[in-house]
Amino acid sequence: MQVGRFTEIVFPSYDVRFIAVNDAVDSAKGDNDFTVIRNVFNDFYAKDTSKKVRAVMKAKGTSGKHLGGPPYGYRADPQDKNHWILDEDAAPIVKRIFDLTIAGVGPSRIARILEADKVLTVKALYAQQKGKPLPERPCHWIEQSVVNILERMEYTGCTCNFKTYSKSYKLKKRIPNALEDMFILPDTQEAIVPKEQWDRVQELRKHKRRMTKAERQGLFSGLVVCADCGSKLHFATCKNFEGRQDHYVCAKYKSGRGTCSAHYIREDVLRDVVLERIRAVTEYIRADVEGFQEEWLMCRREEQEKSIREDKRRLEKAKKRLADIDKLITRIY
């Protein structure tokens, strides 16, 4: 399609003479009717090659082998390139980044801490290990580098393939894959962080907290939402505020210029409400332990039944797909 567009529309409009020596095509000698057919076959060849490459990558990925190179913190095993071993220089840095995140430090601040401690960046470490010249600022960490490390599931010791996909061989854009469509094989290399710690970091990443100019964070930052518009309530404070003046306000209020009204609540009031609720639930559990256990088991049972229904739906969908594939194979034969 692209070749036809250039040869039939773009080139003639700019008086460009198109010559393909191997295919004996010269636009100055008139149209070559066989060129259109050749373009179709060339496109078919590219499509067929793409299918074969995808099939090879699918087979390799589902066999448990890594489809990419080792990330920061690992290096390839000299005895087996498909196996990753710990990088003694980088693995402690990865562990430190996860520990700082658990402690409530954000990626931007982590980058500043690493830079202050003269820790080599990912690019600088690789250059040093390969004997190449270091970049101009070898210890200048950026926020995105820290975020990329925090999102790598491989640090739990697993193989994670097919994290992205492309809709067509003609489109180069990579699209993130759903978790259920990835291939995850646990315990393929030594873990740098436990799976529980990685899950906790991902949960914290969903509720991002930013340090205010007063250098303190709200206890409920990232957890409180507006009852009307559903947007998060921002933590508002300053250095002149005492603790009782800290408050939360709707993100869409914007000093009266937004789309929502000023939903406002002081942090000490919110803390008292939450604490009162925790005490009420605790008292309820102590007063009727058996009733609470029965209610909890009932909730768990409902979740399990919902999960079973979802699994059955996916199983039926897979069976239908297998039946369709069998029909296609029979039709091909």
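Start by selecting R152, E154 and K163: a network of salt bridges links these three residues. You are looking at a predicted model.

**Stop 1: the network**

Keep R152 and E154 on screen and show their side chains. The two meet in a salt bridge, 3.1 Å from N to O. Now colour by accessibility. Is E154 buried or exposed? E154 counts as buried, because its relative accessibility is 2% and the cut-off for buried is under 20%. R152 counts as partly exposed, at 25% relative accessibility. So this salt bridge pairs a buried acid, E154, with a partly exposed base, R152.

**Stop 2: helix α2**

Next, select residues 33-62, which make up helix α2. Pick D48 and K52 within helix α2; they sit four residues apart, about one turn of the helix. Their side chains form a salt bridge, with 3.3 Å between N and O. Which of the two is exposed, and which partly exposed? K52 is exposed, because its relative accessible area is 53% and exposed means over 50%. D48 is partly exposed, with a relative accessible area of 27%.

**Stop 3: helix α9**

Move on to residues 289-332, helix α9. Select E310 and R313 there. Their spacing is three residues, about one turn of the helix. What is the N to O distance in the salt bridge of R313 and E310? It is 2.6 Å. Both partners are partly exposed: R313 has a relative accessible area of 46%, and E310 comes to 36% relative accessibility.

These pairs are among the 16 salt bridges counted in the model.

**Stop 4: the whole chain**

Zoom out and switch to a cartoon. The protein has nine helices and eleven strands. Align the view to the principal axes: the C-alpha atoms fill a box of roughly 90 × 60 × 60 Å. How does the radius of gyration of the protein compare with that of a compact globule of 333 residues? The protein has 29 Å, whereas such a globule would have a value near 20 Å.

Turn on the contacts. Of those with a separation of 6 or more, 48% join residues 24 or more positions apart.

**Stop 5: surface and charge**

Finish with the surface. The protein exposes about 24,400 Å², and carbon and sulfur atoms supply 55% of this area. Of the 333 residues, 26% count as buried; E154, from the opening stop, is one with buried status. For a last view, colour by charge. There are 62 positive and 48 negative charges, and their mean positions lie 5 Å apart.

Definitions and conventions
Residues numbered from 1 in each chain as written. Predicted model: local features only at pLDDT ≥ 70, side-chain atom pairs only at ≥ 80, totals over all residues. Heavy atoms only, no water. Salt bridge = Lys/Arg side-chain N within 4 Å of Asp/Glu carboxyl O. Helix = DSSP H or I, 4+ residues; strand = E, 2+ residues; numbered from the N terminus. Buried < 20%, exposed > 50% of the residue type's maximum accessible area, 1.4 Å probe, protein only. Rg over C-alpha atoms; globule rule 2.2 N^0.38 Å. Contact = heavy atoms within 4.5 Å. Areas by Shrake-Rupley, 256 points an atom, 1.4 Å probe, with all protein chains shown as cover. Lys, Arg positive; Asp, Glu negative; His and termini not counted. Charge placed at Lys NZ, Arg CZ, Asp CG, Glu CD.
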